[in-house]
Amino acid sequence: MPRVVSLFLPMWSTDRFRRKSSDAAPPPETPLVLIGRDGRRRVVLAADAAAHAAGLRIGVPASKAQALVPGLIVHDAEPEADETALERLALWALRRYAPIVAADPPAGLVIDTTGADHLHGGEAAMLSEMVERLGGSGLAARAAVADSWGAAHALARFGTRQTLVVPPGEIAQAILPLPIAALRLPAVTIDSLRRLGFETIADLASTPRASLALRFGPEPGRRLDQAFGRVSEPIEPIRLEAIVEVRRNFAEPIGAAETIARYTGKLVAELCAELEKRGLGARRLDLLFFRVDNRIEAIRVGTATPVRDTKRLTRLLTDKIGTIDPGFGIEQMRLAAFAAEPLHAKQTISSLAEAPEPESSDVIDILANRVGEDRLYRFAPVQSDVPERSVQRIAPMAPDTGEGWPGHWPRPSRLLPRPEPIETVALLPDHPPVTFTWRGVRRRVKRADGPERVFGEWWKRDAELAAVRDYFQVEDENGERYWVYRASDGEDAATGWHKWFMHGIFG
């Protein structure tokens with residue numbers, strides 16, 4: 001079952017204008033409209049949220065808009081620039097989310113995320129990330145995912161939620177209450193349907209198809225079928241001309257997994273030969289399968305480092321062939337190195353006495369393509385005395401940051417995500433606890449070492465000017481070792497709460 005995401009940018013033109021002219025852009029609360037020609041008239045083609053709140057809508061004459069809203073900021077629309085920017089946004093989504101992405105003018109994208117959502121933490125997390133990233137760039141966005149392009153398109157524009165995930169097989173319940181304008185019908189057709197009493201998709205879907213076709217032609221029925229997923233609606237993915245790509249056409253459609261795997265290996269060999277000519281290594285591969293029914297299936301794999309090893313890349317791709325539905329057959333396969341980086345010759349060992357360097361990137365690539373690259377990481381030190389700030393997550397194959405772990409005091413092998421409060425019995429100011437209770441279990445301290453005093457980073461927040469923590473390493477009667485601290489110096493109430501916390505566990 002395909003899964004399609006529709007990304008809608010309701011204020012695309014005005015948001016893009018504000019980002020383009022950010023140095024001299026008007027304040028967000030000032031109404032802004034973009035004006036263009038509709039025949040001989042100059043009308044509003046785009047309006048921001050402030051203009052909508054003032055009562056302006058698309059199609060209002062420019063002179064009327066200026067008369068209705070004092071202080072209205074008016075600029076000429078740039079449809080060609082909007083279209084070019086939308087294609088660039090599609091390339092961004094292509095790089096980050098899925099191998100099948102297309103612009104959906106005038107203000108949207110369509111993305112086939114079948115089999116790719118798990119790499120981003122699931123569909124809900126993926127949609128939230130899309131909207132948040134665009135919001136951080138000053139672009140308001142709405143997104144929906146469903147089994148068809150038509151349904152996702154309708155829900156992204158006419159749904160009540162900013163992000164919406166329609167479970168597989170539940171399109172009807174989601175789109176039937178929506179207005180008929182959600183079906184991507186011409187404005188003239190929508191007006192005629194409304195005059196006849198049609199308001200929602202449910203009204204239209206319950207009407208005999210023959211009478212609709214007789215009055216309005218085949219378009220309403222076709223749009224209904226596309227929305228409900230009865231008719232496939234192919235997505236023509238946007239591609240970069242500069243990418244390295246190989247393809248193979250078949251005189252007779254193929255469908256067996258063994259055949260697909262064999263031709264995958266041949267395409268990888270051709271691609272690696274082309275990459276070698278250019279001195280490149282692949283970082284991300286997209287393998288597209290064009291079915292005879294105009295549907296496109298896709299496989300995307302990535303690597304932690306540039307790779308040009310035929311066997312390795314073939315294995316990564318063939319591991320995912322089971323996710324491909326060949327339908328009635330595949331008539332074309334395309335393999336593209338969407339992301340490629342320079343790959344230079346590497347010196348091998350020169351004598352039998354030298355041990356080969358361990359290579360872990362192959363295993364990392366296999367795991368990353370199964371569970372998602374965002375879920376694989378390693379810890380690296382950060383220059384900070386505050387324990388929870390002294391560590392960061394970086395990519396498994398990222399270069400060394402150059403920082404080192406502090407060696408004057410040992411650190412626990414497991415640092416809790418957040419310090420947890422504990423109840424203690426201790427002598428102030430510099431003595432460790434005699435007993436402490438953590439998570440409902442009371443423990444008696446047998447040995448202790450400390451205190452290690454850690455001061456707050458006053459240059460980051462004023463609240464940390466007087467913050468102090470006294471850390472102790474304690475061992476209970478069972479030999480279990482913990483890292484606890486008191487949030488004060490034990491004497492001055494201004495330095496903290498005088499409360500105790502559990503922060504880590506030693507192995």
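Leaving aside its neighbours within four places in sequence, which residues is R486 in contact with? The tour comes back to that selection at its last stop, after the whole chain and several of its parts have been visited.

**The whole chain**

Begin with everything displayed, and keep in mind that this is a predicted model. The protein has 14 helices and 20 strands, and its radius of gyration of 30 Å is well over the 23 Å that the globule rule gives for 507 residues, so the protein is more spread out than a compact globule. If you align the view to the principal axes, the C-alpha atoms fill a box of roughly 90 × 70 × 45 Å. With a surface switched on, about 26800 Å² is exposed, and carbon and sulfur atoms supply 53% of that area, while 45% of the 507 residues count as buried. Among contacts between residues at least 6 apart in sequence, 58% join residues at least 24 apart.

**Strand β1**

Select residues 4-8, which make up strand β1; five of the five residues are buried, so the strand is largely enclosed by the rest of the structure. Turning the strand about its length shows cover on both faces, with V4, S6 and F8 buried on one side and V5 and L7 buried on the other. Add residues 142-146 to the selection, and you have strand β7, which runs antiparallel to β1 and is joined to it by five bridges; the bridge partner of L7 in β7 is A143. Then add residues 108-112, strand β6, which also pairs with β1 in the antiparallel sense over five bridges, and where G108 is the bridge partner of F8.

**The three-stranded sheet and helix α1**

Move next to the open sheet in which three strands follow the order β3-β2-β4 with mixed pairing. β3 (41-47) and β4 (73-76) stand at the edges, each with a single partner strand, so one side of each is left without a neighbour in the sheet. From one strand to the next, the twist averages 40 degrees. Strand β2, residues 32-38, runs parallel to β4 and is joined to it by four bridges, and a useful pair to label is I35 with its bridge partner in β4, D76. Now show residues 12-20, helix α1, which lies across β2, β3 and β4 and runs at about 120 degrees to β2.

**The nonpolar cores**

Switch to side chains for the largest nonpolar core, which has 58 residues, and of these L9, W12, M130, I175, L193 and I201 touch the most other members. Helix α4, residues 79-96, gives the most to this core, with seven residues. Centre on I201 and, leaving aside its neighbours within four places in sequence, you will find it in contact with I175, L176, L178, P179, I180, A182, L183, L224 and F228. A second, separate core of 28 residues includes A282, L287, I299 and L317.

**Helix α11**

L224, one of the contacts of I201, leads to helix α11, residues 219-227, where seven of the nine residues are buried, so the helix is largely enclosed by the rest of the structure. The buried residues are P220, G221, R223, L224, D225, Q226 and A227. Their cover includes α6 (149-158), α7 (171-175), α8 (187-195), α9 (201-205) and α10 (209-216). Just after α11, check the backbone of G229, which takes a positive phi of about 80 degrees.

**The four-stranded sheet and helix α12**

Continue to the open sheet with antiparallel pairing and the strand order β9-β12-β10-β11. Its edge strands are β9 (244-254) and β11 (296-307), each of which pairs on one side only, and the twist averages 15 degrees from one strand to the next. Seven bridges join β9 to the antiparallel strand β12, residues 330-342, with M333 in β12 as the bridge partner of R248. Helix α12, residues 257-278, lies across β9, β10 (280-291) and β12, and runs at about 155 degrees to β9.

**R486**

Finish with R486 in strand β19, residues 481-486. R486 is buried, with a relative accessible area of 0%. To answer the opening question, select L428, P429, D430, H431, V468, R469, D470, F472, H498, K499 and W500, which are the residues in contact with R486 once its neighbours within four places in sequence are left aside. As a last distance to draw, the C-alpha atoms of R486 and P451, 35 residues apart along the chain, are separated by 9.4 Å.

Methods. Residues are numbered from 1 along each chain as its sequence is written. Side-chain values use heavy atoms; hydrogens and water are left out. Two strands pair if DSSP finds at least two bridges between them. Helices (H or I, at least four residues) and strands (E, at least two) are DSSP runs, numbered from the N terminus. Axes are lines fitted to C-alpha atoms, for helices over the stretch in contact, and angles run from 0 to 180 degrees between N-to-C directions. Contact means heavy atoms within 4.5 Å. The radius of gyration is taken over C-alpha atoms; the globule rule is 2.2 Å times the number of residues to the power 0.38. Buried means under 20% relative accessible area, exposed over 50%, partly exposed in between (1.4 Å probe, protein chains only). Accessible areas come from the Shrake-Rupley method with a 1.4 Å probe; for residues, only the protein chains shown count as cover. A nonpolar core is a set of buried Ala, Val, Leu, Ile, Met, Phe, Trp, Tyr and Cys residues joined through side-chain atoms within 4.5 Å.
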